[in-house]
Amino acid sequence: MNDVSKISVKDLNVSFGDTQALKNVSLEIKSNEVLTIIGPANSGKSSLLLSINRMIDRIENVSLNGSILIDGCNVYAGQNVENLRRRVGMVFALPISLPMSIRDNVLFGIRMLRHVARHDGDVLVEKTLRAAFLWDEVKDRLNSHAFNLSGGQQQRLCIARTLAVGPEIILFDEPCSGLDPISTGKVEEAIRLLAHEQTIVLVTNNTKQAARVGDRTAFLLMGELVEIDETHKIFTSPANSRTEEYVTGRFG
């Protein structure tokens with residue numbers, strides 16, 4: 001992690017019809033850090049993620065004001081959305097494997113962008129599957145159907161597919177919510193190592209996971225940013241009493 005801001009969110013307000021999901025949220029996300037975002041349900045955590053890569057554009061009856069800058073450029077001012085989503089990958093709670101082989105899953109996104117020679121594809125498949133801690137489990141069955149993988153393996157396959165496009169930022173929205181402890185551990189290990197090359201934003205309802213993985217942690221409550229600080233401070237000496245009540249399990 002370094003002190004250069006990769007993402008700057010300024011006075012962000014998001015509403016779905018008459019329901020306001022985010023209220024004047026401002027925060028900086030540093031290059032090559034893992035920022036974990038915690039908070040109870042309906043705190044605006046996923047809305048913030050969807051706003052960063054403009055997936056929120058696909059939702060009807062949404063209104064947004066404020067700004068989100070990536071490397072100083074406003075993503076809502078003249079940015080090509082397809083290029084933005086190549087730069088900002090996203091991994092969801094439910095693994096979304098495609099109905100094809102493991103190898104073709106990994107290469108699907110990059111093939112949409114350019115021709116991939118066989119050798120280059122082989123190199124990319126191995127590199128991304130290793131980064132997702134899946135290579136050793138599937139290297140002898142790359143041509144088998146992805147649906148044959150376990151849920152945890154499919155989630156790591158989704159991470160590999162995201163990596164193959166070469167994103168600068170990866171957004172994770174509850175990626176371990178349906179996984180067993182062993183699979184969760186592998187996803188967490190992958191996330192920590194990915195931060196050497198990418199900027200990571202991880203939404204999680206698991207405060208213990210946030211404490212294990214995050215360099216810094218942001219606490220959202222009812223659409224407002226209550227506090228953001230180094231993770232160990234959030235969990236040992238938070239500045240706001242509401243943060244302390246949440247991380248100690250008094251509500252949420």
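In this predicted model, helix α2 spans residues 81-87, and Arg 86 and Glu 82 sit four residues apart in it, which puts about one helical turn between them. Residues three or four places apart in an α-helix point the same way, because a turn takes 3.6 residues. The two side chains do indeed meet, in a salt bridge with an N to O distance of 3.7 Å. As for cover, Glu 82 is exposed, with a relative accessible area of 55%, while Arg 86 is partly exposed at 33%.

That pair has company: a search of the whole structure turns up 14 salt bridges. Another of them links the side chains of Lys 186 and Glu 137, at 2.7 Å from N to O. Here the partners come from two helices, Lys 186 from α7 (residues 181-194) and Glu 137 from α5 (residues 135-138), so the contact ties together parts that are 49 residues apart in sequence. Both ends are partly exposed, Lys 186 with 28% relative accessibility and Glu 137 with 26%. Elsewhere, salt bridges with shared partners join Lys 6, Asp 71, Arg 87 and Glu 168 into one network.

Asp 71, a member of that network, is also worth a look for its backbone. Its phi is positive, about 55°, although Asp 71 is not a glycine. Most residues other than glycine have a negative phi. Asp 71 is placed in the loop between β4 (62-70) and β5 (73-74), and it counts as partly exposed, with 43% relative accessibility. Asn 42 is a similar story: its phi is near 65°, again a positive value in a residue other than glycine. This residue belongs to the loop between β3 and α1, and at 75% relative accessibility Asn 42 counts as exposed.

On the other side of α1 in the sequence comes the loop between α1 and β4, where Arg 54 is found. Arg 54 is buried, with a relative accessible area of 15%. Its side chain still finds a charged partner, meeting that of Asp 57 in a salt bridge of 2.8 Å, N to O. Asp 57, for its part, is partly exposed at 35% relative accessibility. Leaving aside residues up to four places away in sequence, Arg 54 touches Val 75, Tyr 76, Gln 79, Val 81, Leu 84 and Arg 85. Val 88 is 34 residues from Arg 54 along the chain, yet the two C-alpha atoms are 9.6 Å apart in space.

Now for the sheet. Six strands form an open sheet in the order β6-β7-β8-β3-β9-β10, and the pairing is mixed. At the edges are β6 (88-91) and β10 (224-230), each of which pairs on one side only. On average, neighbouring strands of the sheet are turned by 15° against each other, direction ignored. Strands of a sheet pair through backbone hydrogen bonds, either parallel or antiparallel. One parallel pair is strand β3 (residues 34-38) with strand β8 (residues 199-203), joined by four bridges. Within that pair, Leu 35 stands opposite Val 201 in β8.

Helices pack on this sheet too. Helix α1 (residues 45-52) touches β3, β6, β7 (169-173), β8 and β9 (216-221), and its direction makes about 150° with that of β7. Helix α6 (residues 151-164) also packs on the sheet, where it touches β6 and β7; the angle between the directions of α6 and β6 is about 170°.

That leaves helix α3, which has both a covered and an uncovered part to describe. Buried in α3 are Ile 102, Arg 103, Asn 105, Val 106, Leu 107, Gly 109 and Ile 110. Their cover includes α4 (118-131), α5 and α6. On the outside, Phe 108, Met 112 and Leu 113 make a nonpolar surface patch of about 300 Å². Leu 113 lies in α3, which runs over residues 102-113, and this leucine is partly exposed, with a relative accessible area of 36%.

Key: Residues are numbered from 1 along each chain as its sequence is written. This is a predicted model: local features need pLDDT of at least 70, side-chain atom pairs count only at pLDDT 80 or more; totals for chains, interfaces and linings use all residues. Side-chain values use heavy atoms; hydrogens and water are left out. Patches are made of residues with over 30% relative accessible area and no salt bridge: like charges are joined within 9 Å, nonpolar side chains (Val, Leu, Ile, Met, Phe, Trp, Tyr) within 5 Å. Accessible areas come from the Shrake-Rupley method with a 1.4 Å probe; for residues, only the protein chains shown count as cover. A salt bridge is a side-chain nitrogen of Lys or Arg within 4 Å of a carboxyl oxygen of Asp or Glu. Buried means under 20% relative accessible area, exposed over 50%, partly exposed in between (1.4 Å probe, protein chains only). Two strands pair if DSSP finds at least two bridges between them. Axes are lines fitted to C-alpha atoms, for helices over the stretch in contact, and angles run from 0 to 180 degrees between N-to-C directions. Contact means heavy atoms within 4.5 Å.
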